[in-house]
Amino acid sequence: MPGHYSGFTRWEDYSGFTRWEALYGSATAASDVVVSGSVVLHGCAQPGVNVTVASITVLPGATLAIGDSALRLAFNRLRINGSFVMGSPACPIASSITVTVPGGNETYGVDNAGSYDVHGVMQGPTWTRISSTVAAGSKVLPLQEAVQWQAGDSIVLVTTTWKDELVNQNEVLTVAAVSADGRSVTTQQPLQFNHYGGEYQAEVGLLTRRILFTSDAVSTASGIGPHTTSFTPAMRISGAAFQAWGARNRPGRYSIHYHLAGNAPGAFVKNVAIYNSNWRCISIHGTNDVTLYGNVGFNIPGHCYYLEDGVEERCVLERNLAAFVHPIQTAGSGGGQAGTDRWQSADLFDPSDSGASGFYSLNAYNTWLNNAASGGFSGFTFPHAPRAIKDHRSIKKADGFPFDPSQRPFLLFKGNSAHSTGYFWEHNAAVYIGGMLFYKTDPADGQVKLFYNNGRGSIQADPLCPDPNWPAGDSNNWQDCWVGSARSTKTADGSADGFLVLEDTTAALANVGVTSWGDRVEVYNLRGFDLSRGAEYLGQSFMKDSRFRINTTNSVNGWSQWPYSSSEYYWNSQVIKGFEWYDTTTTTILSNITFENYKYVQYTADPSDWWYWQTPHAFRMLSHSDQFKPDKTMMVTKGITCSNCDMGSCSGGSCSGGAFFHVDETYRGSSWLFNWLDADGSVVRAVQPSKPPGPYLIASQPDWWRLDEAASWREPRFNNPWVSPMPAGEAAARLEMRVRAAGGQQYSLGAFDGQDVTRIGYVSQFGDVGKRVVMTRTEGTTGMTGKYGWYTVWNMSSSGFHAPKRLELILFNVPRNKAVMWASCWPQGTSFTVSKTFDWASCQNVDPLTPVASRAALLASGGNSFWVDGNSCLHLKLTDPGHHWQYSDSFQRDGLYVEEPIRWYDLRYVITTNMACADTFFCPLPGDPATRVPPAITSMPPSCQDVQPAGATCGSVQCGWGLSPGCSNPTVINGGFCQPFPITQSQP
């Protein structure tokens with residue numbers, strides 16, 4: 001007997017078995033074993049190295065050790081209240097040990113309430129990747145890393161086709177030989193399929209281990225197999241394999257499961273293989289600090305590596321492989337962003353399993369390092385859950401407020417990869433930060449249960465309104481009634497807004513590489529290959545040093561089934577684009593991004609077919625809506641390159657065949673108001689190399705965006721948008737021009753009330769009504785601040801022009817220290833009362849504004865005056881002094897800057913007139929307002945420059961600026977908070 005088991009009694013000599021029936025009822029001592037001392041079991045001392053018992057119970061203080069010799073052990077249940085030892089990390093088992101537990105009964109398996117150690121010999125990596133492409137018929141796999149696998153071992157060669165749930169090209173093979181340097185494996189069977197080893201490579205995982213936990217045909221047929229559950233932190237497993245374990249949709253019955261074990265810094269599962277599972281690979285539930293390293297999961301229903309309730313933190317998931325992962329029931333899909341609803345049920349215990357992924361967590365605050373995923377709904381999924389779930393549904397933070405797992409940032413997300421995934425739905429991504437999981441009332445039976453939707457939407461947790469767990473006396477318990485659609489990441493200490501940061505990610509063969517529908521994300525060195533869409537981000541996003549290549553050899557040869565170059569019908573995928581600019585309220589900065597192999601493709605010869613116009617593009621814009629429109633210059637870029645891309649050929653002023661960038665002309669506000677800042681000119685100079693460096697504003701087709709008579713041009717290779725040198729010191733702004741009667745009736749539609757594209761007029765630059773953009777009944781116009789002017793004309797029908805009785809100009813986004821010069825005309829004799837109101841900062845209200853006698857006086861003002869010219873046209877200088885509670889509200893990365901929207905229907909100028917007519921909203925306006933367009937402004941004096949010191953309050957600078965006469969206010973000037981500038985040029 002090995003020396004480290006000295007003092008142990010041998011199993012076959014053990015005479016101190018406590019009779020089972022004395023403890024648990026009728027049984028026989030031979031079948032039901034209770035260990036009350038220190039016992040060692042060696043297979044070599046057993047007849048035929050077989051031991052079969054009904055159950056084993058290790059009492060507190062007792063130890064059952066399994067010696068290092070061949071053994072076949074079978075039981076129904078192993079219950080540990082003391083210690084179970086099968087090897088140790090320092091002295092792992094080298095012999096072949098097989099443990100068999102039958103299926104069909106969810107109570108069967110291992111339950112640890114003491115300490116559980118299982119360790120088998122495992123040398124070298126458990127998985128690696130092929131180093132070059134291997135073709136069907138080959139038996140030789142070149143590897144990136146040296147392995148110490150053995151002849152007779154089973155391995156899995158992972159697919160490099162796209163839709164592996166539909167076309168399974170994962171191959172389980174037997175090792176025939178390994179080269180002397182370990183860098184090449186010869187298999188007994190020839191390959192049935194091609195496996196790619198180019199820009200992304202097929203993984204090769206070892207399934208064989210010295211220690212095997214297996215089950216039977218009943219387990220596979222029923223989906224009810226054995227489990228391993230530890231209720232304490234003292235479970236360590238390495239070098240073992242689990243086959244046909246787990247009981248599908250039976251809570252807590254997973255192959256390996258840490259259950260409510262608290263902080264477990266010494267717990268780990270390393271170099272384990274879980275394959276042909278009934279449910280999951282490894283679940284970490286209510287347990288922190290666990291390490292999962294070097295594990296291989298293959299052919300797994302439900303999420304493979306699963307952090308369950310949203311409270312699990314500081315775990316380390318490093319170098320694990322998940323392959324051939326299967327959604328349970330029908331995978332989530334949906335139209336547009338909506339997703340598909342799934343409810344908790346007996347057949348879907350966790351409804352998020354309809355979006356089963358290789359790696360899943362509601363709480364990102366863990367380390368995700370160098371893992372690989374293939375198959376599943378996504379490779380990595382981080383849904384938005386406004387509360388922890390299941391056993392931790394009522395957990396609170398130290399301040400007494402409910403715990404929100406979606407606010408937690410990544411500890412580290414680096415070096416991870418995913419491929420052959422993300423095809424069930426157009427927004428399906430290799431890495432998906434989206435979907436929603438929360439409790440809701442099921443209308444089918446009135447029961448409160450878990451609800452999951454894989455899409456983007458608003459969470460309404462109806463049974464929790466008001467939230468019973470909200471601190472007593474706090475009035476904000478409504479927050480649980482409308483939690484919102486976005487994952488709002490905070491810093492680790494929760495004190496400020498934070499970012500989810502992804503580094504060195506590889507994504508291939510998916511509809512999207514990375515989708516983030518949270519508020520804030522940063523992505524560094526994303527490498528995307530054969531993706532229908534490289535990435536899509538909402539909120540604030542920054543991406544740097546990233547590369548998107550399509551049309552790899554894997555796809556050109558038709559191996560991948562990815563639709564760009566295969567025979568698969570094009571309509572089974574979305575339009576191919578490297579990056580798509582979103583249409584509203586996002587802020588995106590891209591730096592040093594490379595696109596490769598974007599080529600013009602004519603999918604169909606029929607121009608009436610929508611797909612006729614949908615050639616791949618490196619950049620595309622979302623342009624379908626008049627409801628959702630750009631609220632500013634939402635996107636800023638530098639260092640953009642497109643290698644081996646079709647830039648288009650031009651003849652006679654028109655161009656065709658381009659695949660770099662395309663401005664859609666869809667007759668919607670999202671198209672008309674599109675604008676993009678090419679900060680260094682790298683986009684413009686890609687098609688116009690003789691142009692000087694930027695910045696350039698690439699906008700849309702309406703002449704509204706012709707900002708410089710001499711220097712602006714239409715770029716035919718981009719479908720004729722206006723390109724202009726970016727005006728120094730100016731920015732894009734957005735106004736909502738809301739026609740609303742004094743009684744509250746509203747003519748124009750709010751920004752979220754529909755997609756009505758009824759044209760009701762136009763907005764033009766001063767001096768030239770030809771430089772205009774359509775105004776629709778759905779509010780929202782975006783244009784430039786400064787000298788250009790916004791001249792607004794209402795023309796709703798053939799009956800002529802009109803003027804509103806009452807108008808609200810909502811400053812959705814007018815950057816600080818900039819101004820919009822706005823004007824519109826009314827019938828002669830109209831009188832005006834104008835106020836400036838702040839819904840949430842009434843200390844800044846100005847009511848009424850002061851009339852001035854000239855445009856020069858208006859230009860010199862701080863935005864608290866108005867002027868009426870001789871044509872009865874009202875002129876305003878619209879300014880925003882900024883939030884009363886903060887000074888800076890912008891997004892800056894890598895030397896690029898975006899001024900963020902600083903209002904949300906808060907600041908408005910309200911214009912009330914004395915007009916009287918029968919209509920509720922408008923009175924007729926005689927003549928053609930085009931004849932009364934204000935003259936162009938030749939130059940703008942600078943607006944007040946706020947030099948607010950740190951810590952200044954609303955009572956000092958912000959309210960001071962809001963008081964008439966603006967920067968002339970003595971309190972502001974004497975306090976040194978605001979410096980007035982002289983007028984540099986007289987204005988008419």
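**Strand pairing, burial and cavities in the predicted model**

In this predicted model, strand β66 (residues 832–838) is largely enclosed by the rest of the structure, because five of its seven residues are buried. Strand β66 runs antiparallel to strand β72 (residues 907–913), and seven bridges join the two. Within this pairing, V834 has I911 of β72 as its bridge partner. The loop between β66 and β67 (850–851) contains P848. The peptide bond leading from D847 to P848 is cis, with omega near 0 degrees.

The protein as a whole has eight helices and 75 strands. Of its 988 residues, 60% count as buried. Among contacts in the protein with a separation of 6 or more, 70% are accounted for by residues 24 or more positions apart.

Burial is also found in strand β49 (residues 617–621). Five of the five residues of β49 are buried, and the strand is therefore largely enclosed by the rest of the structure. Strand β49 takes part in two parallel pairings. Four bridges join β49 to strand β47 (residues 577–581), and these strands run parallel; in this pairing, F579 stands opposite F619 of β49. Strand β53 (residues 661–662) pairs with β49 in the parallel sense over two bridges, and here R620 stands opposite H662 of β53.

The surroundings of T637 were examined in more detail. This residue lies in strand β50 (residues 635–643). T637 has a relative accessible area of 0% and is therefore buried, the cut-off being under 20%. The side chain of T637 makes a polar contact with the side chain of W676, at 3.0 Å. When neighbours within four places in sequence are left aside, T637 is in contact with W581, L590, W676, L677, D678, A679, D680, V683 and L896.

Internal space was considered next. Rolling a probe the size of a water molecule over the atoms shows where empty space is left. The structure holds five cavities of 30 Å³ or more, and the largest has a volume of about 100 Å³. The largest cavity is lined by 17 residues, of which M775, T776, T778, G780 and T781 are the closest to its centre. Two or more lining residues come from each of α4 (669–672), β58 (732–739) and β60 (768–776). Strand β60 gives the most to this lining, with three residues. By character, the lining of the largest cavity comprises seven nonpolar, six polar and four charged residues.

Several backbone features were also noted. Most residues other than glycine have a negative phi, and most peptide bonds are trans. In addition to the bond preceding P848, which is cis, a cis peptide bond joins G694 and P695, with omega of about 15 degrees. P695 is placed in the loop between α5 (682–687) and β55 (696–699).

Positive phi values in residues other than glycine include those of R319, near 55 degrees, and S872, near 60 degrees. R319 is located in the loop between β30 (316–318) and β31 (321–326), whereas S872 is found in the loop between β68 (865–868) and β69 (873–878). R319 counts as buried because its relative accessibility is 16%. S872, at 4% relative accessibility, likewise counts as buried.

Notes. Residues are numbered from 1 along each chain as its sequence is written. This is a predicted model: local features need pLDDT of at least 70, side-chain atom pairs count only at pLDDT 80 or more; totals for chains, interfaces and linings use all residues. Side-chain values use heavy atoms; hydrogens and water are left out. Buried means under 20% relative accessible area, exposed over 50%, partly exposed in between (1.4 Å probe, protein chains only). Two strands pair if DSSP finds at least two bridges between them. A polar contact is a pair of N or O atoms within 3.5 Å; within protein, one must be able to donate a hydrogen and the other to accept it, and residues adjacent in sequence count only if both atoms are side-chain atoms. Contact means heavy atoms within 4.5 Å. On a 1 Å grid over the protein atoms alone, a cavity is a set of points where a 1.4 Å probe fits but cannot get out, and a pocket is an open set with protein on both sides within 12 Å along at least five of seven lines; lining residues have an atom within 4 Å of a point. Grid points are joined across faces, edges and corners, and a volume is the space filled by probe spheres set on the points. Ala, Val, Leu, Ile, Met, Phe, Trp, Tyr, Cys and Pro count as nonpolar, Asp, Glu, Lys and Arg as charged, and the others, Gly among them, as polar.
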